[in-house]
Amino acid sequence: MLELMEALQQENNLVALAAFRTIDLNKDGVLTFNEYLRRLFPHATEREFAAMQEWAFPTKPVAVQEPTFEPTSEQLEEIRKMFSMYDSNHNAKIEMTELLSLSERCGFSQADIASLFKASDKDANGSISLAEFVELMKVSYI
Ligand SMILES: [Ca+2]
Ligand SMILES: [Ca+2]
């Protein structure tokens with residue numbers, strides 16, 4: 001009976017996401033997402049893919065981390081390029097819809113994207129600015 005309950009709960013997208021992250025540990029999920037990114041951004045570099053993956057699948061909770069380094073000008077340039085890849089309508093902001101369209105196809109639930117977005121949108125104005133994106137990358141960019 002308990003197993004049946006658990007099976008029913010697996011209809012929930014959050015469980016699917018957790019499962020995807022678990023798969024991620026043995027690299028299958030990373031490869032899938034990586035392939036997805038490569039189709040989406042054929043001109044991005046390896047480092048850009050790695051940083052995008054880290055953002056989409058943080059290895060540690062983003063909200064509790066403090067920035068650990070100041071990016072070099074070269075790294076800032078790469079972060080800017082990544083920002084413009086997410087900013088598909090080129091208005092210098094990453095909107096929720098842009099994050100949704102990128103991430104939902106990888107099996108994210110809307111609730112999970114919303115919490116990622118909320119954690120990134122430090123001034124809570126409904127979009128992720130380049131400055132907020134840089135702050136995020138200071139935490140997750142390696
Ligand atoms: Ca935008
Ligand atoms: Ca903001």
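Aspartate 112 counts as partly exposed in this predicted model, because 17 C-beta neighbours lie inside 10 Å of the residue, whereas a buried residue would need 20 or more. Aspartate 112 has its place in helix 7, which covers residues 110–120. Leucine 100 stands 12 residues from aspartate 112 in sequence, and the two C-alpha atoms are 10.0 Å apart in space.

From this residue the view may be widened to the whole chain. The chain contains 8 helices and 2 strands. Their order along the sequence is α-α-α-α-α-β-α-α-β-α. Of the 142 residues in the chain, 15% are buried. Among contacts between residues at least 6 apart in sequence, 63% join residues that are at least 24 apart.

The confidence of the prediction should be considered before the details. The mean pLDDT of the chain is 73, and 58% of the residues reach 70 or more. Among the elements of the chain, strand 2, formed by residues 127–129, has the highest mean pLDDT, at 96. The lowest mean, 50, belongs to helix 2, which comprises residues 13–25. Where pLDDT is low, the predicted coordinates should not be read in detail.

The interior of the model comes next. The largest nonpolar core consists of 13 residues. Within this core, the residues with the most contacts are Ile79, Met82, Phe133 and Met137. At least two core residues are supplied by each of helix 4 (46–56), helix 5 (73–86), helix 6 and helix 8 (130–140). The greatest contribution to the core comes from helix 8, which gives 4 residues.

Helix 5 may be examined in more detail. At 1.5 Å a residue, its 14 residues should span 20 Å; the C-alpha atoms at the two ends are 20 Å apart, in agreement with that expectation. The buried residues in helix 5 include Ile79, Met82 and Phe83. Seen down the helix axis, the buried residues of helix 5 fall within an arc of 105°, and therefore they line one face of the helix. The face turned away from this buried side carries Ser73, Glu74 and Glu77, which are exposed.

Glutamine 75 also belongs to helix 5. This residue is partly exposed, because 17 other C-beta atoms lie within 10 Å, a count below the 20 required for burial. Glutamine 75 and lysine 138 are 63 residues apart along the chain, yet their C-alpha atoms are separated by 9.9 Å.

Beyond helix 5, a loop leads to strand 1, which is formed by residues 93–95. Histidine 90 is found in this loop, and alanine 92 lies there as well. Phi of histidine 90 is near 55°, a positive value in a residue other than glycine. Alanine 92 likewise has a positive phi without being glycine, with a value near 65°. Histidine 90 counts as exposed because 7 C-beta neighbours lie inside 10 Å. Alanine 92 has 11 such neighbours inside 10 Å and so counts as exposed, the limit for that class being 12 or fewer.

Helix 6 covers residues 96–103. Which residues of this helix are buried? They are Leu99, Leu102 and Ser103. When helix 6 is seen down its axis, these buried residues fall within an arc of 85°, so they line one face of the helix. Helix 6 is also one of the helices that supply at least two residues to the largest nonpolar core.

Definitions and conventions. Residues numbered from 1 in each chain as written. Chains lettered and ligands numbered in written order. Predicted model: local features only at pLDDT ≥ 70, side-chain atom pairs only at ≥ 80, totals over all residues. Arc of directions from axis to C-beta. Contact = placed C-beta atoms within 7 Å. Core = buried A, V, L, I, M, F, W, Y, C linked by C-beta atoms within 7 Å. pLDDT = per-residue confidence, 0-100. Expected span 1.5 Å × (residues − 1).
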